[in-house]
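Open the model in a viewer and keep the selection panel at hand. The stops below go from the whole chain to single residues and end at a pocket.

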Amino acid sequence: MKSKKIWIAILAIISFITVGSSAIVNSVEPVKAETRMSTFPKKMRGTWYQYNKKTHRIDKNVITAKKWVSYSDGKKGTEYLHVYPKNAPAYPKQEKKKQNWIYILGDPVKVRGRMWILVEGWYQAAGGASYNVSKLKGHWVLTNASGAGLWYSNHWYHSAKLAKKLKNQRYPHFAYDSGAKW
């Protein structure tokens, strides 16, 4: 009789512990971690070329893990990737050293089946450029688009010869003018 009471007491304690711990586990809400990308994705890295229709020249971008070097119209521009601070002021004080800093804003976003990342200048108010790397017609293509609707898409290729050959190439699922809807 005494051992039966002990077993009932043990089972009651175990059931209270189980119910109590499951109530605690279910009451904890997961917190979404805020992504702060500190390097460019590996697929984006490398040398990319684009035929510039205005100047009839080949523009070049060299992307490393933390640096973006662009060659356009005979000029070289270098921008450095930094992680934007969590508590940054809305209008940060202008500093010369941060003039060439860029950052990746938020998480990659999926639009029409393609993942896009938004890159903005350190002092840029809004409306940076979004970038996507995908394999299109057998070639790796870096696509940049700007605007809220991801329009004015430009395509960059891994060779200057291919960029010149495919200068007028249009792919489905990209918007090429401001009136296009995603």
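Two strands are said to pair if DSSP finds at least two bridges between them. Strand 8 (residues 139-146) and strand 9 meet that condition, with four bridges in the antiparallel sense. Keep in mind throughout that this is a predicted model.

**Whole chain**

Show the protein chain as a cartoon: two helices and nine strands appear. Followed from the N terminus, the elements run α-β-β-β-β-β-β-β-β-β-α. Next, colour by relative accessibility; of the 182 residues, 31% count as buried. A surface representation exposes about 12500 Å², and carbon and sulfur atoms supply 58% of that area. On a contact map, take the contacts between residues at least 6 apart in sequence: 40% of them join residues at least 24 apart.

**The sheet and its edges**

Select the nine strands. They form an open sheet with the order 1-2-3-4-5-6-7-8-9 and mixed pairing. Strand 1 (46-52) and strand 9 (151-156) each have a single partner strand, so one side of each has no neighbour in the sheet. On average, neighbouring strands of this sheet are turned by 30° against each other, direction ignored. To see a residue pair beside one edge, select Asn144, which stands opposite Asn154 in strand 9.

**Strands 5, 6 and 7**

Move to strand 5 (residues 101-111), which pairs with strand 6 in the antiparallel sense over seven bridges. Pick Val109 and look across to its bridge partner in strand 6, Trp116. The hairpin of these two strands has two residues between the strands, and Arg112 there takes a positive phi near 50°.

Is strand 6 mostly covered or mostly open? Six of its eight residues are buried, so by the cut-off of under 20% relative accessible area the strand is mostly covered.

Continue to strand 7 (129-136). Strand 6 and strand 7 pair in the antiparallel sense over three bridges. Val119 has Ala129 as its bridge partner in strand 7. In the loop between strand 6 (114-121) and strand 7, select Gly128. Its relative accessibility is 8%, so Gly128 counts as buried. Draw a C-alpha to C-alpha distance from Gly128 to Ile117: the two are 11 residues apart in sequence and 10.0 Å apart in space.

**Ser70**

Now select Ser70 in strand 3. With a relative accessible area of 27%, Ser70 is partly exposed. Which residues does Ser70 touch, not counting those up to four places away in sequence? They are Lys60, Asn61, Lys75, Lys76 and Gly77. A second distance to draw runs from Ser70 to Thr47: 23 residues apart in sequence, 9.7 Å from C-alpha to C-alpha.

**The largest pocket**

Finally, turn on pocket detection. About 720 Å³ of space lies in the largest pocket. Its lining has 33 residues, and those nearest the centre are Gln50, Asp59, Asn144, Asn154 and Trp156. Asn144 and Asn154 are the residues already seen opposite each other.

Which strands each supply at least two residues of the lining? Select strand 1, strand 2 (57-63), strand 3 (67-72), strand 4 (75-81), strand 6, strand 7 and strand 9.

Notes
Residues numbered from 1 in each chain as written. Predicted model: local features only at pLDDT ≥ 70, side-chain atom pairs only at ≥ 80, totals over all residues. Heavy atoms only, no water. Axes fitted to C-alpha atoms, helices over the stretch in contact; angles between N-to-C directions. Buried < 20%, exposed > 50% of the residue type's maximum accessible area, 1.4 Å probe, protein only. Contact = heavy atoms within 4.5 Å. Areas by Shrake-Rupley, 256 points an atom, 1.4 Å probe, with all protein chains shown as cover. 1 Å grid on protein atoms, 1.4 Å probe; cavity = no way out; pocket = protein on both sides within 12 Å on 5 of 7 lines; lining within 4 Å. Points joined across faces, edges and corners; volume = space filled by probe spheres on them.
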